[in-house]
Amino acid sequence: MSIIYFLIGCSLLLAVCFLAAFFWAQRTGQNDDLHTPSMRILLDDEDENSRGK
Amino acid sequence: MIERAIIGKTLCYHCGDECLTEQYAVEGKQFCCHGCQTVYQVLSENKLCRYYNYNDHPGATRTRIDKRFDYLNEPSIVSELIDYKDDRVTIVTFYIPHIHCSSCLWLLEQLNKINPAIHYCRVDFLKKQLNIRFDHQKLNLQQLVELLYDIGYEPLISLQDIIKKQNAVNKDNLVSKIAVAGFCFGNVMLLSFPEYFGITSLEHSFKYFFGILNILICIPVVFYSGRGYFVSAWQNLRNKVLNIDFPLALGIAVLFIRTVTEVLTKTGAGFADTLCGLVFFLLLGKFVQKKTYHHISFERDYRSFFPVAVHILDNGIEKPIPLSQLHIHHRMVIRHNEIIPADAILLKGDALVDFSFVTGEAIPVSRTLGEIVYAGGRQTGEAIELEVVKPVSQSYLTQLWNNEAFTRKQDNRMQTFNEKVSKYFTIVLLLIAFSSLFFWLPTDYKRGFAAFTAVLIVACPCALALSTPFTMSAALSVFDRNLFYLKNTAVVEQLAKVDTIVLDKTGTITTGDSSYVKNEASLTEEQKQLVYSVCINSIHPLCRMIYHYLGGLERLLVSKYSEIPGKGILGTVGKHQLRIGSSKLVLGYPERAVYSTNVHLLIDGLYLGYFAFEHHYRAGMEKISALEPSINLHLLSGDQDHERTELVKFFKDTTRLHFNQSPQDKLDFIQTLQDNGDKVMMIGDGLNDSGALKQSDLGVAITDNVNNFSPGSDAILDGRSFNKLPAFLRFSKDTVKIIYFSFLISLTYNLIGLSYAVTGNLSPLIAAILMPVSTVTIISFTSIATHLAAKQRKLL
């Protein structure tokens, strides 16, 4: 059963990685604006032909 | 896309206003004005017409805008506005009120197509901000702003820089604290499960390992996430205040110390997961309570109303200077639609100044040469020149801000329920804890300490601390949906206590175009011309409305003209004699009580009828007047009293109507009411109300467009929701009741826990179950109850 020590260590390490990833996202401002990207994705990509229908 | 015609009306392709002329048309598209057409041409030249595909009529109307941006060449102004500058690029953030749809977003992020000197532009939709990085060697700030202006997105540049202030606020990393607490909560719970489910004697070696791990994980929770509670409790103790943070901090500390001792002495498993859960839920409550409206500012003062710069004449040459450099004896040039920033003497030009925002006077007033024009008025008509007689900060308008109501901190507000209760709660909690300690101490000191700590743990007012934030945030979102924006959650409780409402008149209960003329006289074209020619000589508001109503007729020569103040005018045009004015002047007897203001008309001794001026009050005014007698209503107007007869029907009697009130009078009036023990809610819209708004227990600024300037206040109400005000008041009372009730629920949980705790037999399992269960109960109860209450008040 001493494998538990190793497994718990792994699980904690993994969890800490996720926490660190969240901190990184927070610090680089990825969570600052949660609304605009949801609108931006609906806009079409560049297409020169679609000029003023 | 085909031009949309709605019931015969042609709508402008750009802004959606009605096209009154077919003069402006390009490529088969109709525009309402030259400005809209220009925007279309700019976009079409740059192949950006997809702008119009995402939404119909996405643009802002361009009919009435006339602005100059040459002040943006002043280095001192530029440096205040930009975020960052090096030798190649400049980064600047603009607040653009017109951002409202996906077309705006799309176009503003394509600016580099119009001008390649722009490297990067990003829109923050909710904050209505545009972040631009550009090469300032190829494009200066003025050109950039003009470019934005040309495509119909004029940034709002004001002295009180809203953008920078907002960015500075979000620095307490609450989210990070929650993330840490949540992370630790999850892990500790997993590690604690074996203990709860029972560890066989075989695996007993794990127990100590789990315990140590738990302690390690708890350390960031206590010292990082929970730090704020210790700091706040300590500060409050030093100020001799017992607030809810004290028992919370005590609970966290006791939980941690007991966990550490139990684990290290191998006497128990400790309360690690209760501790992490507690901190996690508490922070969650804090997070919910903090609702921010990015596009609304509650802290505006005169600085955001005034322009950034003003044009002065220096040796006959016109140049822009920042407002802070404007001094006495400067000669300012003020154009159409510009605001006069300082008290000044009129030197040249025809001043017709709209003071509606400052004094509440609905109609522009005209000033003659040599007269003093007070700051805050908006010139309409031709350009005028004025000499400054008082610095900006000491003008009639801005000196109001020197009043103590503005310098005082906001500590006159009512105590919230939570603050009141937590004081007694803490005292009772400590009493129980110490009495259980002393009860067991003589017989069993271990049990005594166990009971003492258990009481502090179990009675930790987690549920109590959460009931207010969760109820209030649910209530806030209900208000939000109904276009009533509150500054913070404490305002809901203040709203519930209001027993006196003071209303401003112009702009608050009347709307922008508050009255319209009804022609009750049958006039021939010739007679209309006569009336027009006479009325145009008068600056009386009613005359102005009459000649506006009659429209641009040919003006005839008036040979004799005299005005009798307060009564009317007498005029002679050619052979015709005209008498226009009150019933007393025209008919010789005073008018019977009527609900409108009438102007009677007599031409050559023949009575022809009258013009009636009916005032339009906001829909729902009768609902608000129905609030009497439970709420006292007062009217406080800077205007003359000519609407007294129409207004009195909304109020109990004429003593409730107060006219000719200066901004200072308004403030003093609120103070008098407060001295009588009334809880006053002030509803106003202009700068003239700002003193009263600040002084009142609850200041509500009413506006027809939340992005427009509104004075500093506790809440901003959209004019369309004015009729819901009674419902808002009732709903706020409901939410307070919900808080009381959830307080009872949390007390019940505390009592259950205490019954275990005082005996000293609190097992970690019971604590670990009780804490989350009570929290979840409170959260679900408050949100469901608030929702139901809102439904009942028809706010959802």
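This is a short tutorial chat about the contact between two chains, a surface patch and some salt bridges in a predicted model.

Me: Before we start, what should I know about the numbering and the filters?

Reply: Residues count from 1 along each chain as its sequence is written, and chains are lettered from A in the order in which they are written. Since the model is predicted, local features need pLDDT of at least 70 and side-chain atom pairs count only at pLDDT 80 or more, while totals for interfaces use all residues.

Me: How big is the area buried between chain A and chain B?

Reply: The size of an interface is often given as the accessible area lost when the parts come together. Here that is about 2,800 Å², with 63% from carbon and sulfur atoms (1.4 Å probe, summed over both parts). Chain A puts 26 residues into the contact and chain B 34 (heavy atoms within 4.5 Å).

Me: Which side chains meet in a salt bridge across that interface?

Reply: Side chains of opposite charge can pair when their charged atoms come close. The rule (a side-chain nitrogen of Lys or Arg within 4 Å of a carboxyl oxygen of Asp or Glu) finds one salt bridge between chain A and chain B: Arg40(A) with Glu109(B), at 2.6 Å, N to O.

Me: Which element gives the largest share of chain A's side?

Reply: That's α1(A), with 10 residues (helices are DSSP runs of H or I, at least four residues).

Me: What about salt bridges over all chains, how many are there?

Reply: The whole structure has 17. One pair is Lys207(B) and Glu195(B), 3.9 Å between the closest N and O atoms. Lys207(B) sits in α9 and Glu195(B) in α8, 12 residues apart.

Me: And which residues form the nonpolar surface patch?

Reply: Phe434(B), Phe438(B), Leu441(B), Tyr445(B) and Phe449(B), with about 530 Å² of accessible area together (Shrake-Rupley, 1.4 Å probe; members have over 30% relative accessible area and no salt bridge, with nonpolar side chains joined within 5 Å). Helices α15 and α16 of chain B each give two or more residues to the patch, and Phe438(B) lies in α15.

Technical notes: Side-chain values use heavy atoms; hydrogens and water are left out. Buried area is the accessible area (1.4 Å probe) that two parts lose on being put together, summed over both. Patches are made of residues with over 30% relative accessible area and no salt bridge: like charges are joined within 9 Å, nonpolar side chains (Val, Leu, Ile, Met, Phe, Trp, Tyr) within 5 Å.
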